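Subject: Structure handover

Hi,

Here is the structure I promised to pass on. Please open it alongside this note; what I found follows below.

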Amino acid sequence: MQGNRYPRPVDVLKYEPGIRLVVFITAFLLLAGGEALIPRRARSVVRPWRWPTNLTLVALNTLIIRALLPLTAVGMAVIAEQRGWGLLHAVGPIPSVLAVPVAIVLLDLAIYLQHVLFHAVPILWRVHRVHHADIDVDVTTGSRFHPIEIFLSLLIKFVTIGALGASPLAVLLFEALLNAGSLFSHANLRLLSWLDRALRLVVVTPDMHRVHHSASGVETNTNFGFTFPWWDHLCGTYRAQPAAGHEAMTVGLTCFRDPKYLRLDRTLLQPLFDGSGSQESSSDRLQNQTAMRSLTQRD
């Protein structure tokens with residue numbers, strides 16, 4: 001029968017959760033193993049004080065977003081395709097071999113601009129600084145985001161997908177690339193210098209993105225890219241290395257360095273806290289410094 005000569009198109013929406021989960025787990029395990037074998041920096045605190053909070057945020061964000069927004073980014077792309085929304089549909093039929101990479105690159109540009117916006121607008125920075133408050137940067141930091149930021153990011157992504165008219169396949173590939181890229185760029189992974197230089201031509205490397213997590217405000221407002229490094233070069237926000245070097249640089253924020261801010265409850269409430277950090281007495285400060293020293297034991 002002629003109707004059976006061609007395979008049915010893959011239901012991208014059906015397989016999206018499974019594909020994204022496999023990509024996340026695979027990338028996480030590989031990078032966590034790499035961090036254990038060839039770490040770039042010594043840890044400031046032991047993993048048990050950070051990883052439970054960071055990984056719980058992943059699960060919590062997934063549950064909250066699924067409850068509030070049953071529609072996913074790929075689902076939005078399906079709707080846009082069915083209704084002919086967006087620039088890529090307006091300009092006429094474009095071969096997938098061209099339309100998919102163009103959509104991925106433009107979606108990454110949108111994420112870059114969104115990242116700049118979350119640094120520039122004070123109320124958005126209060127939410128985004130949860131990500132920057134991690135006092136170590138490793139593979140778990142790549143998924144450490146406040147639920148409000150995840151929600152707002154998804155809304156922005158919906159608008160971008162609708163305006164662009166990105167195909168479901170392009171959005172699925174972009175989402176997988178974004179998730180894996182975020183884990184990779186935050187990994188505490190030592191790369192050979194020549195490999196880091198080569199990779200920076202096409203992707204954001206851990207050394208490149210770590211500069212963005214510097215406690216120095218001048219350095220924090222650089223290297224906003226998540227997957228591709230080109231936008232930082234084009235927009236003048238690229239910085240090659242931190243002034244103090246990667247081993248000596250202070251990661252995180254100048255405030256929220258107290259051990260109590262590593263807890264999940266404090267992390268979720270952090271957007272409500274004053275940006276100057278906790279106002280503590282001298283005795284409290286001494287107790288906190290003692291607690292901090294106890295956390296610096298190597299795990």
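Start with Lys157. Its relative accessibility is 13%, so Lys157 counts as buried. Keep in mind that this is a predicted model.

Lys157 has a partner. It makes a salt bridge with Glu175, with 2.8 Å between the closest N and O atoms. Glu175 sits in helix α8 and Lys157 in helix α7, so the pair ties together parts 18 residues apart in sequence. Glu175 is buried as well, with a relative accessible area of 2%.

**Other salt bridges**

The whole structure holds 14 salt bridges. A second one to look at joins the side chains of Glu247 and Arg40, at 2.4 Å from N to O. Glu247 is in the loop between α12 (230-235) and α13 (264-269), and Arg40 is in the loop between α1 and α2, so this pair links parts that are 207 residues apart in sequence. The two ends differ in exposure. Glu247 is partly exposed, at 49% relative accessible area. Arg40 is buried, at 13%.

Then there is Arg43. It is placed in the loop between α1 (12-37) and α2 (51-68). Is Arg43 buried or exposed? It is buried, because its relative accessible area of 16% falls under the 20% cut-off. Arg43 forms a salt bridge with Glu35, where the closest N and O atoms are 3.9 Å apart. That distance is within the 4 Å limit, so the pair counts. Glu35 is buried too, with 3% relative accessibility. The side chain of Arg43 also makes a polar contact of 2.9 Å with the side chain of Asp138. These residues belong to a wider set: Glu35, Arg43, Arg50, Asp134 and Asp138 are linked in a salt-bridge network.

**Nonpolar cores**

In soluble globular proteins, nonpolar side chains tend to be buried together. Here is how the cores look in this model. The largest nonpolar core has 29 residues, and the members that touch the most others are Leu107, Ile161 and Val171. Helices α3 (73-83), α5, α7 (147-164) and α8 (168-186) each give it at least two residues. The largest share is six residues, from α5.

What does Ile161 touch, leaving out residues up to four places away in sequence? The list is Ala73, Met76, Ala77, Ala80, Leu107, Ala166 and Val171. Another core lies apart from the largest one. It has nine residues, including Ala27, Leu31, Trp51 and Leu189.

**Surface**

There is a nonpolar patch on the surface, formed by Val97, Leu98, Val102 and Leu106. Together they have about 340 Å² of accessible area. Val102 belongs to helix α5 (residues 96-120). Its relative accessible area is 32%, so Val102 is partly exposed. Helix α5 therefore appears twice in this note: it holds Val102 of the patch, and the largest share of the main core comes from it.

One last residue is Ile123, in helix α6 (residues 122-132). At 63% relative accessible area, Ile123 is exposed, because the cut-off for that class is over 50%. Its C-alpha atom is 8.5 Å from that of Pro271. Along the chain, Ile123 and Pro271 are 148 residues apart.

Best wishes

Key: Residues numbered from 1 in each chain as written. Predicted model: local features only at pLDDT ≥ 70, side-chain atom pairs only at ≥ 80, totals over all residues. Heavy atoms only, no water. Patch = residues over 30% accessible without salt bridge, like charges linked within 9 Å, V, L, I, M, F, W, Y side chains within 5 Å. Areas by Shrake-Rupley, 256 points an atom, 1.4 Å probe, with all protein chains shown as cover. Helix = DSSP H or I, 4+ residues; strand = E, 2+ residues; numbered from the N terminus. Buried < 20%, exposed > 50% of the residue type's maximum accessible area, 1.4 Å probe, protein only. Core = buried A, V, L, I, M, F, W, Y, C linked by side-chain atoms within 4.5 Å. Contact = heavy atoms within 4.5 Å. Polar contact = N/O pair within 3.5 Å; in protein donor to acceptor, adjacent residues only side chain to side chain.
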